[in-house]
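User: I would like a close look at one part of this protein, a single strand and the sheet around it. Please start from that strand and work outwards to the aromatic residues.

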Amino acid sequence: MLRSIWRDRPGSLKTAGVLLLLLTGFATHLHKSHVADKQWLPETKAVSSLLGGGTAFSSRRAGSGANYGLGAGHLSTGGGRGISGGGSGSDGGGGSGGGGGGSRAASFLWGLCDPPQASVARNPYGRRRPLSWAAPHIQHDFRHWHTSAGVSREMLDAMRWNGPVKVGAKSDAFRFQIIGGQLFVDTSLVRQPKSGPVRWFPASAGEGSLATNGRAPLAMLALAELVHFHRKQLPDVDAVLQFTDWPMLQVPAPLTLPPPAPPQEAAPGSNPEAAAHAAEGAAAAAGAGGAMPGPLLSPCSNDDHLDVPFPDWTHWGIGGEHLQFEKPPQQQSWGGQRDHLLGVATKTPLARREPTLFYRGRASPKIPGDAKRVAVVSCGKHAPPAVRSLFDTQQVTWLEHKRIVPADQICSKRYLIYIESLGWSASLKYRLACGSVLLQVVPRVWEWFSRGLVQGTHFVQIPAAPVEAVCPAVVAALVTLEQHRSKGARHDLPLPAEAAAATALAALEAAEKAPPALRARRAAKKRAHDAGLPAPTQEELDAITAAVPLPDPSEEAARKRFDRAAAAAAPAEAVAAEAAAAKQASIAEEQLKFVRDRLGMEDVRNYLLDLLWAHADVLRYNVTPSATARPLTHSLLLEQFVFDKDRAMILAAYPWLNCGLDSTASNSTSPASGT
């Protein structure tokens, strides 16, 4: 019967039927692709128009962060509100008309509002199968509670700004519970303002600042995203999350910890130098009497602290402070930034990049933690003339918007360097994605992925102590790497040992005459100011500094000076040997491979899933919402973003937030309640 009906159809109806079947099959394929967590966003302008318009997606490969059409950073506001608006676009190719009808059709097509939920993967023994490559590191971080009585509710109750374990007094923090796939957030542990709502740092900097979105709202967004798309894969869990740049909970002194069974891969931050300086990053001690506190999720940690690394907020919304991308700007998520940087790295082979070491960031002599950064920024001034061309380093504060360097320019440099300050910095992943040769000053802390990096394979390590040795070691590494390039050696450079020694001596001499030179520079500025003349230029100030005589030139003083310079240059020999063994191209290739294979947004989500399960495993109570916790609805989440521009950007980048969103709440201009 069906065959006879089909045979009797006119040709045009047959064609229409075939097209309808093909369209249905294509839509089903796309839906399954998202269920399988594919890493691409297909072009659906025609399908979207047919179903009522609304939103069009980009055909550009967008990395793991684009799964389910969320957070890759390629979705930009075009006058609408993500899927629920009638005219929001993607990379300039906006959806056509349709309004709410197109919204519902697109949501049905993509499964955004009711995405298929995968069940927990288990091994043949019935145990949950870890998803993340970093699962051994997660187990390592929770080993303290596995060997003790576990975590009680009272441990987490004590973690508040005025509690036994101080959290949230000088930083943003919140407690959250996930129960039966529902997310609850409790902000009562944070110091509350005397009047008005909580304004998450750094929203108070005002609209348009590079970090205006805030750390806590983006962390809430990360959890909400996980709950929305992986509800059936989540355990019941109760946890505290904080956002300072350093670990907060020191291991209590009377506590005897089990021997740290090392993870499967080397941990560059786990070393004597980092341990010796770990106390500098402590913001609070554990509870009185050496009692074991509960786990604290933080952006970073080390072996001297109980903090457990949680992927930081920049994965979901804030770009690097001194990175600028094509579109949209700093508010892109890591998914879009990663793809852009990898594309730039692919277009610019290492051999064609400028043979310079690039650094932009804060390097203030007034901040003790910046000593290593100051040494690197000023290193080019002390290096021998033939080596100075290898340096392009400069201090830039985060408020100096006009001095932001485009990502393309950063990735055009052959060498990049990662240097911590008082604590952790979010910039490591951006440097890795450039595919330049990375120099890394020994870190004191690690973040969620950095323990997967291997010295000599992914980076050349620079000693962190003494500070006087940092600059000579950097010079030795650069000279060695340039002389051992695969295509010919540079004969205009001195030997690494000679360059390092000369640099150390010049830096030492500059340090010895710094106080009188500083007085001379200040006097010159004052004379110009009193006379109503322009301030001296940097070249004029440098000439004044050079004219200041050195201290006692006696033979004994000269000998001591050379001895101190030799001691500062001594670590450079080992750095030069490591740099000689590691080829430029291999380091760059391994960095890009690491970013492609282990630093996508899918890897971030898998890490979070394993982290929450590991946290749930050490809880010794049935999780219930804390007394002051509130269900985090999409409307309440959007209220945490203070400015209209931020909310519009978030809705465009994460269209699933439109699901169940009250239009009045989403259009509200009231400031974040934060409670």
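Analyst: Start with strand β11. Six of its eight residues are buried, so to speak of β11 as mostly covered is fair. This is a predicted model. The strand covers residues 354–361 and pairs with β12 in the parallel sense, over five bridges. Across that pairing, R360 stands opposite Q394 in β12. β11 also pairs with β14, again parallel, over three bridges. There, L357 stands opposite Y415 in β14. In general, strands of a sheet are held in pairs by backbone hydrogen bonds, parallel or antiparallel. Side chains of a regular strand alternate between the two faces of the sheet.

Now widen the view to the sheet. It is open and has five strands, in the order β12-β11-β14-β15-β16, with parallel pairing. The edges are β12 (391–395) and β16 (460–462), each of which pairs on one side only. On average, neighbouring strands are turned by 25 degrees against each other, direction ignored.

A helix lies across this sheet. Helix α16, residues 470–483, crosses β11, β12, β14 (413–418), β15 (437–441) and β16. Relative to β15, α16 runs at about 160 degrees.

Next, the aromatic residues. The structure holds 13 aromatic pairs. One of them joins F174 and F243, with ring centres 5.8 Å apart. Their planes meet at 40 degrees, so the pair is tilted: an angle under 30 degrees would count as stacked, and one over 60 as edge-to-face. F174 belongs to strand β5 (residues 173–179), while F243 is in the loop between β7 (237–242) and α9 (272–276). The two residues are 69 apart along the chain, and the pair links distant parts of it. Both F174 and F243 are buried.

W334 and Y430 make another pair, this one edge-to-face. The centres are 5.5 Å apart and the planes are at 85 degrees. W334 is in helix α10 (residues 334–347) and Y430 in helix α15 (residues 428–434). They are 96 residues apart, so to say, along the chain, and this pair too links distant parts. Both W334 and Y430 are buried. W334 has a charged partner as well: the charged end of K429 sits over its ring, 5.9 Å from the centre.

Ring pairs also build a cluster from W133, W448, F449, F594 and Y607. One cluster member, W133, has R598 over its face, at 4.4 Å from the ring centre.

Y607 falls within the residue range of helix α23, 601–618. Does the length of α23 fit its 18 residues, or what span should they give? At 1.5 Å a residue they should span 26 Å, and the end C-alpha atoms are 26 Å apart, which agrees. Of those 18 residues, 16 are buried, and α23 is mostly covered.

Last, a cysteine. C300 sits in the loop between β8 (296–298) and β9 (307–309). Its relative accessible area is 0%, so C300 is buried, the limit being under 20%. Beyond its neighbours within four places in sequence, C300 is in contact with D245, W246, P247, D307, W424, V445 and W446. The C-alpha atoms of C300 and F310 are separated by 7.2 Å, and these two residues are 10 apart along the chain.

Methods
Residues are numbered from 1 along each chain as its sequence is written. This is a predicted model: local features need pLDDT of at least 70, side-chain atom pairs count only at pLDDT 80 or more; totals for chains, interfaces and linings use all residues. Side-chain values use heavy atoms; hydrogens and water are left out. Rings of Phe, Tyr and Trp (its six-membered ring) pair if their centres lie within 6.5 Å; planes under 30 degrees apart count as stacked, over 60 as edge-to-face and the rest as tilted. Helices (H or I, at least four residues) and strands (E, at least two) are DSSP runs, numbered from the N terminus. Buried means under 20% relative accessible area, exposed over 50%, partly exposed in between (1.4 Å probe, protein chains only). A charge sits over a ring if NZ of Lys or CZ of Arg is within 6 Å of the ring centre and within 35 degrees of the ring normal. The expected span of a helix is 1.5 Å times one less than its number of residues. Two strands pair if DSSP finds at least two bridges between them. Axes are lines fitted to C-alpha atoms, for helices over the stretch in contact, and angles run from 0 to 180 degrees between N-to-C directions. Contact means heavy atoms within 4.5 Å.
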